[in-house]
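Hi everyone, thanks for coming. Let me put today's structure on the screen, and then we'll walk through it together.

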Amino acid sequence: MRTTIGALIAATNAFDIEAALALFASDAIIDDVSVGDSFIGHAGVRDYLERFFVGYHTATRLLSVDISSKTQARVRVDFTGDFGHEIGLLEILANVGALIIRVDADLE
């Protein structure tokens with residue numbers, strides 16, 4: 001999980017949508033309470049990343065990772081960008097192949 005989380009942060013910080021998408025299962029879901037919407041499949045994940053990372057020039061810094069199993073982690077991150085500054089909480093679930101299948105995202 002740490003490798004996947006590190007790769008996701010590196011890809012989003014580089015605004016490399018293709019590298020980020022490669023970390024997600026084709027039917028992955030991002031449910032982000034802070035924006036009031038869910039993003040489903042690669043098309044939805046791409047939309048989310050383009051809007052909220054590329055669009056706002058978001059930089060992400062890892063604050064902490066609590067790994068509860070080989071496929072589940074709770075991540076706390078520091079977001080900065082055109083919107084200002086926020087602390088984010090990500091519940092990440094991966095499949096046995098280490099692809100992300102679900103992210104539940106919110107802000108503190």
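Here's a question to start: which residues of the largest nonpolar core touch the most other members? Keep in mind that we're looking at a predicted model. The answer is Ile5, Phe24, Tyr48, Ile92 and Val103, out of 29 residues in that core. At least two core residues come from each of helix 1, helix 2 (17-21), strand 1, helix 3, strand 4, strand 5 and strand 6. Helix 3 gives the most, with 5 residues.

Let's zoom in on isoleucine 5. Leaving aside residues up to four places away in sequence, Ile5 touches Leu62, Val65, Ala73, Val75 and Ile92.

Now to the open space. The largest pocket has a volume of about 450 Å³. Its lining takes in 27 residues, and Asp32, Tyr48, Phe52, Phe53 and Phe79 are the closest to the centre. You'll recognise Tyr48 from the core list a moment ago. Sorted by class, the lining has 20 nonpolar residues, along with 4 polar and 3 charged ones. Helix 1 (2-13), strand 1 (24-32), helix 3 (41-54), strand 4 (72-81), strand 5 (84-94) and strand 6 (100-107) each bring at least two residues to this lining.

One last stop: threonine 60, which sits in strand 3 (residues 59-69). Is Thr60 buried or exposed? Its relative accessibility is 9%, so threonine 60 counts as buried. Again setting aside residues up to four places away in sequence, Thr60 touches Ile9, Thr12, Asn13, Phe53, Val77, Asp78 and Phe79. Two of those names, Phe53 and Phe79, also appeared around the pocket centre.

Definitions and conventions. Residues numbered from 1 in each chain as written. Predicted model: local features only at pLDDT ≥ 70, side-chain atom pairs only at ≥ 80, totals over all residues. Heavy atoms only, no water. 1 Å grid on protein atoms, 1.4 Å probe; cavity = no way out; pocket = protein on both sides within 12 Å on 5 of 7 lines; lining within 4 Å. Points joined across faces, edges and corners; volume = space filled by probe spheres on them. Helix = DSSP H or I, 4+ residues; strand = E, 2+ residues; numbered from the N terminus. Nonpolar A, V, L, I, M, F, W, Y, C, P; charged D, E, K, R; others polar. Core = buried A, V, L, I, M, F, W, Y, C linked by side-chain atoms within 4.5 Å. Buried < 20%, exposed > 50% of the residue type's maximum accessible area, 1.4 Å probe, protein only. Contact = heavy atoms within 4.5 Å.
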